[in-house]
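Got your viewer open? Load the model and get ready to click along.

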Amino acid sequence: MTSPDPFRVIFVCTGNICRSPMAEVVFRDLAERQGLGSRIVSRSAGTGDWHLGERADHRTIDSLSRRGYDGSQHRAKQFTLASFADNDLIVALDRTHERVLREWAMDEDQEGKVTLLLAFDPDASTHDVPDPYYAGTDMFDSVLGMIETATRGLFRQLEPALRLPRTPRI
């Protein structure tokens, strides 16, 4: 990755108030702590429009806060067809989101950008990050732990390319 442009990652769940905001915040924090914050843009969106403009669920914000992250600035957005062009990697939080995103893709290049978050955790016992929305605090904390592990795996794969020296565009 020799472009001066940052690598753009978007995490996608259903309503963009629980899982995907967690992944967005955790991934951004990881990049910043590794000195690569300027080389990555971390975003999130939902497949649905139910929560547009809303803050993350208070349990999401609380869970993030307990682990030292700040999710207070999040506002829910919806994934659109333009999101394919606006991002280099599209990370689905479960297989339902992955299927929807692949169906929305207009060509193989767009479809090829879609992957599952838990594919980056070799020890994951499932492909899906469970939706904690109808559960309690413990489930939000458990989901955050899964997301932390998988985002570290994703970051490890991207990091070598992110650390390559930048070359100016001609």
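What follows is a stop-by-stop walk through this predicted model.

**Stop 1: the annotated domain**

Start wide and select residues 7-157. The UniProt record (an unreviewed entry) lists this stretch as "domain: Phosphotyrosine protein phosphatase I". Colour it by secondary structure: the chain here is 43% helix and 14% strand. Now pick the C-alpha atoms at the two ends of the stretch, and you'll find them 13 Å apart.

**Stop 2: the largest pocket**

Next, select Cys-13, Thr-14, Gly-15, Asn-16, Ile-17, Cys-18, Arg-19, Trp-50, His-51, Asp-131, Tyr-133 and Tyr-134, which line the largest pocket. That pocket has a volume of about 160 Å³. Try colouring the lining by residue class: you should get 6 nonpolar, 4 polar and 2 charged residues.

**Stop 3: the annotated active site**

Which positions does UniProt give for the feature "active site"? The unreviewed entry puts it at Cys-13, Arg-19 and Asp-131. Show those three as sticks: they are spread over 119 residues of sequence, yet they cluster in space, with a largest C-alpha distance of 8.7 Å. Cys-13, Arg-19 and Asp-131 also belong to the lining of the largest pocket, the one you just coloured.

**Stop 4: Cys-13**

Zoom in on Cys-13, which sits in strand β1 (residues 7-13). Is Cys-13 buried or exposed? Its relative accessibility is 3%, so Cys-13 counts as buried, the cut-off being under 20%. Leaving out residues up to four places away in sequence, Cys-13 touches a set that includes Arg-19, Ser-20, Ala-45 and His-97.

**Stop 5: Arg-19**

Hop over to Arg-19 in helix α1 (residues 19-33). Arg-19 is another buried residue, because its relative accessibility is 2%. Show its surroundings, skipping neighbours within four places in sequence: among the contacts of Arg-19 are Cys-13, Leu-93, Asp-94, Asp-131 and Ile-147. While you're there, find Thr-14, whose side chain makes a polar contact with the side chain of Arg-19 (3.4 Å).

**Stop 6: helix α2**

Now select residues 58-66, which form helix α2. Within this helix, Arg-59, Thr-60, Ile-61, Ser-63 and Leu-64 are buried. What do the buried residues of α2 pack against? Bring up α1 and α6, and you have both partners on screen.

Then check the helix's surroundings along the chain. Asp-57 caps the N-terminal end of α2, with a side-chain oxygen 2.8 Å from the backbone nitrogen of Arg-59. Just after α2, click on Gly-68, which takes a positive phi of about 90 degrees.

**Stop 7: Glu-98**

Move on to helix α4 (residues 95-104) and pick out Glu-98. Glu-98 has a relative accessible area of 17%, so this residue is buried too, given the cut-off of under 20%. Setting aside neighbours within four places in sequence, Glu-98 is in contact with Ala-92, Val-114 and Leu-116.

**Stop 8: Thr-137**

Finish in helix α6 (residues 137-163), where you'll find Thr-137. Its relative accessible area is 40%, so Thr-137 counts as partly exposed. For a last click, choose the C-alpha atoms of Thr-137 and Pro-21: they are 116 residues apart along the chain and separated by 16 Å.

Note on methods. Residues are numbered from 1 along each chain as its sequence is written. This is a predicted model: local features need pLDDT of at least 70, side-chain atom pairs count only at pLDDT 80 or more; totals for chains, interfaces and linings use all residues. Side-chain values use heavy atoms; hydrogens and water are left out. On a 1 Å grid over the protein atoms alone, a cavity is a set of points where a 1.4 Å probe fits but cannot get out, and a pocket is an open set with protein on both sides within 12 Å along at least five of seven lines; lining residues have an atom within 4 Å of a point. Grid points are joined across faces, edges and corners, and a volume is the space filled by probe spheres set on the points. Ala, Val, Leu, Ile, Met, Phe, Trp, Tyr, Cys and Pro count as nonpolar, Asp, Glu, Lys and Arg as charged, and the others, Gly among them, as polar. UniProt positions are given in the numbering used here, feature names are shortened, and annotations may be inferred rather than shown by experiment. Helices (H or I, at least four residues) and strands (E, at least two) are DSSP runs, numbered from the N terminus. Buried means under 20% relative accessible area, exposed over 50%, partly exposed in between (1.4 Å probe, protein chains only). Contact means heavy atoms within 4.5 Å. A polar contact is a pair of N or O atoms within 3.5 Å; within protein, one must be able to donate a hydrogen and the other to accept it, and residues adjacent in sequence count only if both atoms are side-chain atoms.
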